[in-house]
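Here are my notes on this one, jotted down while going through the fold. Have it open in your viewer as you read.

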Amino acid sequence: MTNASIQLQELRRKIYNKAKTEKHWRFWGLYCHICKKEVLQESYRLAKTNDGAPGIDGKSFDEIEAEGVAGFLEVIRQELLTRTYRPLPNRRVEIPKGNGTTRTLGIPTIKDRVVQGALKLILEPIFEADFKGCSYGYRPKRHAHQAIDRVTAGILHGLTRVVDVDLSGYFDNIRHHILLEKIARRVQDDEVMHLIKLILKANGKKGVPQGGIISPLLSNLYLNEVDEMMERAREVTRRKGYHNLDYIRSADDMVILVHGHTNDDWLLKKVQKRLKEELDKLRVQMNKEKTKEVTLREGGCFSFLGFDFRLNRNREGKIYVSKTPRKKKCKEIGKKVKAALKANWNKPLNEVIQTINTITRGWVNYFRIGNSNSTFNKVRNYIEKKMRRFVMRRKKLKGFGWKWWSREEIYQKWGLYNDYRIRYIKPKASPCQ
């Protein structure tokens, strides 16, 4: 789970163990834990670690720190205890997407983030005990690389026909009454349920805000029965110790892998039909234009968690799964670097380098597990040229300064990030196997 005080960790462990051993137990008496000082303190610590922009009230962490964190948290605690807490509407921010459309983020106030975080600290162990091994997004001790490893392992075991599933506006279309029914199966606490209703209503009549602290947990819960159905399908179609079907989900990104043999054509159609039936119950729609079937052995390609997946052969003729960063992701880092240089125009060079290195390091660490050498070379050259051009412009000179600074000087003396090594990771056994 998350790092917290010993008492809070023990409480969360007890809740998790109870939920894991008694699958139909409905928890009560949870609200008093949400109001505890140590829970609110831990929630504030996590919110501050994640930082983020102010909400609709414009209040920042710096202002709260100046006024006093203890007093800020005590006000929240008293509002929760007296049942007078009311969340403010989320501040809506439009984030451009690669296809010309935008994604709407709902940014809660810091006060509301603390309440949502406290609620998550208490509810997460309950639902985490119910979540399935095929779900990887927004979960403790799970990350995207594990999902990518599982997809890779499935393909290498012959699951070479892929259904790349795209959901239409998933977060914005979650139905509150369906979500509350799912929560109530495990939570028998009227005050907690009322608090969740208040948080959901602050975002509108439907949907959970992308940007809300508790939204990832709730979005996983909403699709958990879909995960259960797909896991059952995976097991009942198993033959002679081998799986003919696999399903991997990270948040609203889903892929279904089906065995490449023509005898399994029926399975490919059946699993899509069952998935649609389960999604229809939740009033979640698949994007028909973006959801597609791909046959990897016929040269097909699909995208998952920022990578393009293909089947290739090496020089010895052995088949391997090629994972390369999507062009969209390469453009994204270019835009981030360009924006960072513009924002830090007047800062000392060492501070600018540090900012660029932070952006580059995170991007490279994510994509270094794939077949990214060619892409990395392009990205490194782009960033080097941008840095050279940046320094030359500040000196009011033209060009890239190739005669002024060697590569060794830029990477060793300036300290520009230069670790672009690929690190192949052997796929681990699936937790569902």
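The points below take one helix and then one sheet with the helices that pack on it.

1. Bear in mind that this is a predicted model.

2. Start with helix H6, residues 110-128. Its 19 residues, at 1.5 Å each, should span 27 Å, and the end C-alpha atoms sit 25 Å apart, so the expected and modelled lengths agree.

3. H6 does have a bend, though: about 35° at Ile 122. A proline, Pro 125, comes within four residues after that point. As for surroundings, H6 is mostly covered, with 17 of its 19 residues buried.

4. Now the sheet. It is open, has 4 strands in the order E4-E5-E3-E6, and its pairing is antiparallel. E4 (245-250) and E6 (292-295) are the edge strands; each has a single partner strand, so one side of each has no neighbour in the sheet. From one strand to the next, the twist averages 20°.

5. If you want to check the register somewhere, try E3 (residues 161-166) against E5 (residues 253-258). These two run antiparallel and are joined by 6 bridges. Val 163 is a handy marker, standing opposite Ile 256 in E5.

6. What packs on the sheet? Helix H11 (residues 224-236) does, touching E4 and E5, and its direction makes about 160° with that of E4. Helix H12 (residues 265-281) lies across E3, E4, E5 and E6, running at about 155° to E5.

Key:
Residues are numbered from 1 along each chain as its sequence is written. This is a predicted model: local features need pLDDT of at least 70, side-chain atom pairs count only at pLDDT 80 or more; totals for chains, interfaces and linings use all residues. Side-chain values use heavy atoms; hydrogens and water are left out. The expected span of a helix is 1.5 Å times one less than its number of residues. The bend at a residue is the angle between axes fitted to the seven residues ending there and the seven starting there. Buried means under 20% relative accessible area, exposed over 50%, partly exposed in between (1.4 Å probe, protein chains only). Two strands pair if DSSP finds at least two bridges between them. Axes are lines fitted to C-alpha atoms, for helices over the stretch in contact, and angles run from 0 to 180 degrees between N-to-C directions. Contact means heavy atoms within 4.5 Å.
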